[in-house]
Amino acid sequence: TTRLVLDVDTGTDDAVAIMLAALHPELDLIAVTSVSGNVDIDHTTENSLRVLDHVGRSDVPVYRGAERPIARPDQPVARDIRKARFEGGISPVHGEYLPLPEATSKAQSKRAPEALLDIFSDPANEDVVLVAVGPLTNVAMALQLDASFAQKVKKLVIMGGAHDWPNVTPSAEYNFWADPEAAQLVLASGIEEIVVVPLDATHRALVTLGSCATMRASGTPAGVAAAEIIEKRIVGYRTAQPIDDDAAPVHDALCIAYLVDPSVISGGEYYVDVETVGTLTVGRSVVDIHNRIHEGRPTGPKPNAFFAFGADAVKFSEILVSTL
Ligand code: BDR
Ligand code: CA
């Protein structure tokens, strides 16, 4: 069994990630922390609670997290981006509230960065994996509160970054762009094992309308909800980011599938950094892809992360469909 804490900005793909983490028999989801991102912090927190209630896992504590990036008080948040881009200010991919009943459970009073510190300071939690699938604000704040957090987290899986396939700007992926200083701090923190699942991987693991139909037919609360949410993503992507008319990425859930079966992603060890000053490139993940060719060269920083360039769409969908 893999025990994990999931940091989310729920969000439609985050919702599917929560369901997978909460329901897979080989995973033990011990806490959820919310962060502002796809929608603002009130919505990401409420949406996370909704998902857990809906799949019968209201026993998993939810800790409300950061509202704003660590160093950019003026960084536009999701709401501003939506206003600028979409009619009525609502994202066709994430909406605002998930189409699930209002949550009956409440968030814990402790805030997310403190909760992360407490959980990972407990020696009994040495084996817990931290999976962060929103802007990295909470994780960076935990590091700022206590630098030894980097030694306490043994393994961190991140959905973020893009080498060839950015989304929010021509250069950058959303999670890194939304809080670039946080992403940079986390990648440079020295955490022993960091796995980055960027858009390059998630766009190779599209979930089809056919898989949605199978999940819906299962009749389970998670299967039906995931089908509805992913179908909405597929329709939303047709206008927001046309890729494939009948399929869409479900980014965050790929990180959870990776915990179940590491071979669901492929890639290598690289030095990964994040641009924080470029006017055109702020938030871009910068991957030193020549690490491997020039292995052993004296210059150039050592790899600090596993960066996934590929993914196995069939394996991913199988995990999703069979679990939900
Ligand atoms: C990432 O940004 C959010 O929109 C998604 O939830 C995902 O975590 C993809 O760029
Ligand atoms: Ca997310």
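The buried residues of helix 2 (residues 41-54) are covered by elements that include strand 1, helix 1, strand 2 (27-34), strand 3 (62-63) and helix 11 (221-240). Here helices (H or I, at least four residues) and strands (E, at least two) are DSSP runs, numbered from the N terminus. A residue is termed buried if 20 or more other C-beta atoms lie within 10 Å of its own, exposed if 12 or fewer, and partly exposed in between, with C-beta atoms placed from the backbone. Covering is judged by contact, in which the C-beta atoms of two residues, placed from the backbone, lie within 7 Å. The model is a predicted one, in which local features need pLDDT of at least 70 and side-chain atom pairs count only at pLDDT 80 or more, while totals for chains, interfaces and linings use all residues. Residues are numbered from 1 along each chain as its sequence is written, and chains are lettered from A and ligands numbered from 1 in the order in which they are written.

Of the 14 residues of helix 2, 12 are buried, so this helix is largely enclosed by the rest of the structure. Among them are the nonpolar-named positions Ile41, Leu49, Val51 and Leu52, and the buried set also includes Glu46 and Arg50, which belong to residue types counted as charged (Asp, Glu, Lys and Arg). From its first C-alpha to its last, helix 2 reaches 20 Å, close to the 20 Å expected at 1.5 Å a residue; the expected span is 1.5 Å times one less than the number of residues. Gly56, which follows helix 2, has a positive phi, near 75°. Most residues other than glycine have a negative phi, and most peptide bonds are trans.

The chain as a whole contains 13 helices and 12 strands. Its C-alpha trace spans about 55 × 45 × 40 Å along the principal axes. A compact globule of 324 residues would have a radius of gyration near 20 Å, and the 18 Å of the chain agrees with this; the radius is taken over C-alpha atoms, and the globule rule is 2.2 Å times the number of residues to the power 0.38. Buried residues account for 52% of the 324 residues. Of the contacts between residues at least 6 apart in sequence, 79% join residues at least 24 apart.

Eight strands form an open sheet with mixed pairing, in the order 3-2-1-4-5-6-12-9. Strand 3 and strand 9 (265-270) stand at the edges with a single partner strand each, so one side of each is left without a neighbour in the sheet. Two strands are said to pair if DSSP finds at least two bridges between them. Beginning at the edge formed by strand 3, this strand pairs with strand 2 in the parallel sense over 2 bridges, and Val32 has Val62 as its bridge partner. Strand 1 and strand 4 (residues 129-132) run parallel and are joined by 4 bridges, with Leu6 opposite Val131. Strand 4 in turn runs parallel to strand 5 (residues 155-159), to which 3 bridges join it; in strand 5, Ile158 is the bridge partner of Ala132.

Strand 6 (residues 193-197) continues the sheet, joined to strand 5 by 5 bridges in a parallel arrangement, and Leu156 stands opposite Ile194. Strand 6 also pairs with strand 12 (residues 305-311) in the parallel sense over 2 bridges, with Phe306 in strand 12 as the bridge partner of Val195. Because 4 of its 5 residues are buried, strand 6 is largely enclosed by the rest of the structure.

Ligand 1 is surrounded by 14 residues, of which the closest are Gly11, Asp13, Met159, Tyr174 and His251; a residue is near a molecule if its C-beta atom, placed from the backbone, lies within 6 Å of it. This shell divides into 4 nonpolar, 6 polar and 4 charged residues. Helix 1 (12-23), helix 7 (174-178) and helix 12 (251-260) each supply at least two residues of the shell. Gly11 lies in the loop between strand 1 (2-8) and helix 1, and a cis peptide bond, with omega about -10°, joins Thr10 to Gly11.

Pro249 is found in the loop between strand 8 (247-248) and helix 12. Pro249 counts as buried because it has 28 C-beta neighbours inside 10 Å.
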